Each structure stands twice: as structure tokens, then as C-alpha cells.
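Got a minute to poke at a model together? Here it is, and then we can run through some quick questions on its surface, a helix and its charge pairs.

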Amino acid sequence: MNKKEANEIKKLFTPAGCAITRICGCYVDAEKNKRTELKEAFLSLPEEEAFKYFTIFRNGLSGTIGKNLINMEFPLHTEAEGGTQEFLLKLRDSQLKDDALIEEFYDKVIAGYDYGENYYIILNHCAYDIPAKSTDGIEMFDASDFVYEFIQCTICPVKLSKAGLCYNSETNAIENRSRDWLVEAPDTGFLFPAFTDRNTDIHSLLFYSKNPEQMPESLIDELLGCVIPMSAKSQKEIFQAIVEETLGENCDFETVKNLHENLNEILEETKDEPAPFTLDQYQMKKLLENNGASQEKLEEFDQRFGDGEDGQKPAFIAANVVNTKSFEIKTPDVSIKVSPDKTHLVENRMIDGRPCIVIGISEHVEINGITVRPIGAEKMMEPEE
């Protein structure tokens, strides 16, 4: 799924576009006990309550594709009888009306989700008449040929509200506020099947994680059976290692600066594309070759990174491996941040026999908020004789 497809599904979690047919929920305490459950036709919920669920469901599709929203595919064996994909498909096809399947789903979540505090499991079922689109991209709501039927699961922490004072209008007094158990925004969840190319894709799902560096691996493995892709942090670390090893002696200041400029140019050119730009083996090799990698090092690159686990070729989402907001230079004692489009102001020079980072400055310079005159300003202000 890409950004546009995720946004299209988010519109279903609004009063105007609501496609939710049924909602189920299970409140679980810190000891993994089921405390209470909910099974309702969604439209039977009070309006204010429905609005709060809409917010939770939209949050479960928020964030960046490749970071918070991760496309996962099912290995072939999970689609066989008794597999995880086959179980999720049965759950979807039941339209959440099979109590035994729902209880089995809750049990699988509770067994695999290592949280240690109270949380709320929410399941919703939706049926979306997919509007056809004309050649100019305009939706034709009366020309739907397919129905996208899916389930969404969100897992939300339930925490006590903060202690404090409040005003009681009945007693006209300031008094101690009662603390309630509040359902917070989801930490994790998934959408199944995926909405790929604006249609049903039963071979994959879209996984959500509020903190992509803390993926619930046990839950994914036991409940979903999907292979977890590299996290954004891992992609960045491996990319950096590849660059350092492949460039070797050519991994100097100017080369790395040029490499990051190349990546930022690519991201700028592809920013309007619905799918994030991904660096595959060929594009990585081309990027390294254009920035001074030797033929010997490129051959080593092909051997070391040509194939990953299970024959999968590694790929990196460009936005995960380059900082589009700042160009950062670090030494043990100094850290410098520069806007990516101003990297030409930074140079690496030898001054008095010492390697130095030189930054070109304008007339306006501040130190801790205090405007100072740059070095050489006195000479600039001296009148000509």
C-alpha cells in the first residue's frame, strides 16, 4: 500500500464516509485477564462514542509509509489450512459475527503481545464499495465494480488519567479530580487484507507501529506469521556501513556530501509520488559508483549485499537513510547542522596544517540569540582612502 491508498481508507473512518459494519473490543488487564468485551453493530453506538472510535481507527493508519506503516507479506505456508493468513481470512469473512473466532483472536493477541499494562484490543469490519476513477483521476461513485472487505485491529494502552484538582460546578468548589482509566491512541495494529492498487490483496497486510523501533515481534510472528522488514533505524545503520565499506579510502567529506546531495535531489524529484522511493541493489551500486567507489569495492558490494535472507535482495527507503531536514556534521567536540539545500556553504579545508570545517556566513550571525558582527566586519566597514 502507498500513501494515497492509506489516506483513501482513512476517509472511511469519518461520519460522511463510514464503511464500518461491526466493532468488537476486549479490555485486558496487566495480568492478561479479559476484563470486559464489546460486540456491536457500529451504527448502534452513540454518536460521541463513534467519533472517538473514528479517531482511534484513523490513528492506526497514521505516520509514514516505511516507518510507522509497514507493508508485510505472508509467507506461502501461512496461507495453507491452519496458517495465520488463513485464520485472518476466516475472521474477515465471518464479518466479526463468529464469537468463537473472535475469542480465538483475542487469545492469540494476549499470548503474543508482551505489554505488561492494561490495554484495549479493538477490531472493526468494513465493506468499501471502491469508486472507479476516470482517466483524470476523478472518483465516479456510481461506477463501483469491486467491494473491498477488510478488518482493522488496533491495540490501545489504557492508563489512569493524571491526578489533579478540578472545578465541580455542582458544589461550586475546587476539589480533587477523580482519576479514570483512559483509552489512549493505539500503539500498534494492522489492516488486513492490504488495499494494494486500490483493490483487495489477501497476500499482504499493512502493519502500524507508533514506535517503529519497538516492534512487537512476538505478536507479529505468532498472530500474523509475517516476516518483519528492516526497521527505519536498521536501514539507516546498514546503509551507512555499506557506504563506508564500499567507498573505502574515497569516503571523504566532499564525497559523502555529494552523495547526500544526490539523495536529496532524488527525494525532491519523487516527493509527489504515492510510494516512497526505494534504493534497490542496482540503484545503490549506481549511487556508490557515481561517488567514487572503485570497481574492486563494487564487486565486493555485489557479493556481500546481493542477496539477503531467504534470497530477498536488500532495499532501503531513501527517506529512512538520509535526513531531509538537516545536513549534520559531528566531531567528538562539535556538532554542526546545515539546511540540506545549503551544503555548498560548508567546506573541508587545510588551514595552517590542520583539517578544518569551514562555513560560509552571511552578514547576520547570532550566538545564543545575541547578534554579533562576523569576523572581518571591521575591515568591511572601514572607509576607503
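Q: Which residues form a positive surface patch?
A: This is a predicted model, so take the side chains in that spirit. One member of the patch, Lys4, sits in helix H1, residues 3-10. Lys4 is exposed, since its relative accessible area is 55% and the cut-off is over 50%. The patch is made up of Lys3, Lys4, Lys11 and Lys133.

Q: How much accessible area do Leu345, Ile357, Ile359 and Ile361 have together?
A: These four form a nonpolar patch on the surface. Ile359 belongs to strand E20 (residues 354-359), and at 38% relative accessibility Ile359 counts as partly exposed. Together the four have about 310 Å².

Q: Why do Leu298, Phe301 and Phe305 end up on the same side of H9?
A: In helix H9, which spans residues 295-305, Leu298, Phe301 and Phe305 are buried. An α-helix has 3.6 residues a turn, so residues three or four places apart point the same way. Glu296, Gln303 and Arg304 are exposed on the other side of H9. The buried three share a side because they cover an arc of only 60° around the axis.

Q: Which residue meets Asp302 in a salt bridge?
A: The N to O distance in this bridge is 2.7 Å. The pair links distant parts of the chain, 17 residues apart, with Asp302 in helix H9 and its partner in helix H8 (residues 281-290). Asp302 is partly exposed at 28% relative accessible area, and the partner counts as partly exposed at 25%. That partner is Lys285.

Notes
Residues are numbered from 1 along each chain as its sequence is written. This is a predicted model: local features need pLDDT of at least 70, side-chain atom pairs count only at pLDDT 80 or more; totals for chains, interfaces and linings use all residues. Side-chain values use heavy atoms; hydrogens and water are left out. Patches are made of residues with over 30% relative accessible area and no salt bridge: like charges are joined within 9 Å, nonpolar side chains (Val, Leu, Ile, Met, Phe, Trp, Tyr) within 5 Å. Accessible areas come from the Shrake-Rupley method with a 1.4 Å probe; for residues, only the protein chains shown count as cover. A salt bridge is a side-chain nitrogen of Lys or Arg within 4 Å of a carboxyl oxygen of Asp or Glu. Lys and Arg count as positive and Asp and Glu as negative; His and the chain ends are not counted. The place of a charge is taken as NZ of Lys, CZ of Arg, CG of Asp or CD of Glu. Helices (H or I, at least four residues) and strands (E, at least two) are DSSP runs, numbered from the N terminus. Buried means under 20% relative accessible area, exposed over 50%, partly exposed in between (1.4 Å probe, protein chains only). The arc is that of the directions from the helix axis to the C-beta atoms.
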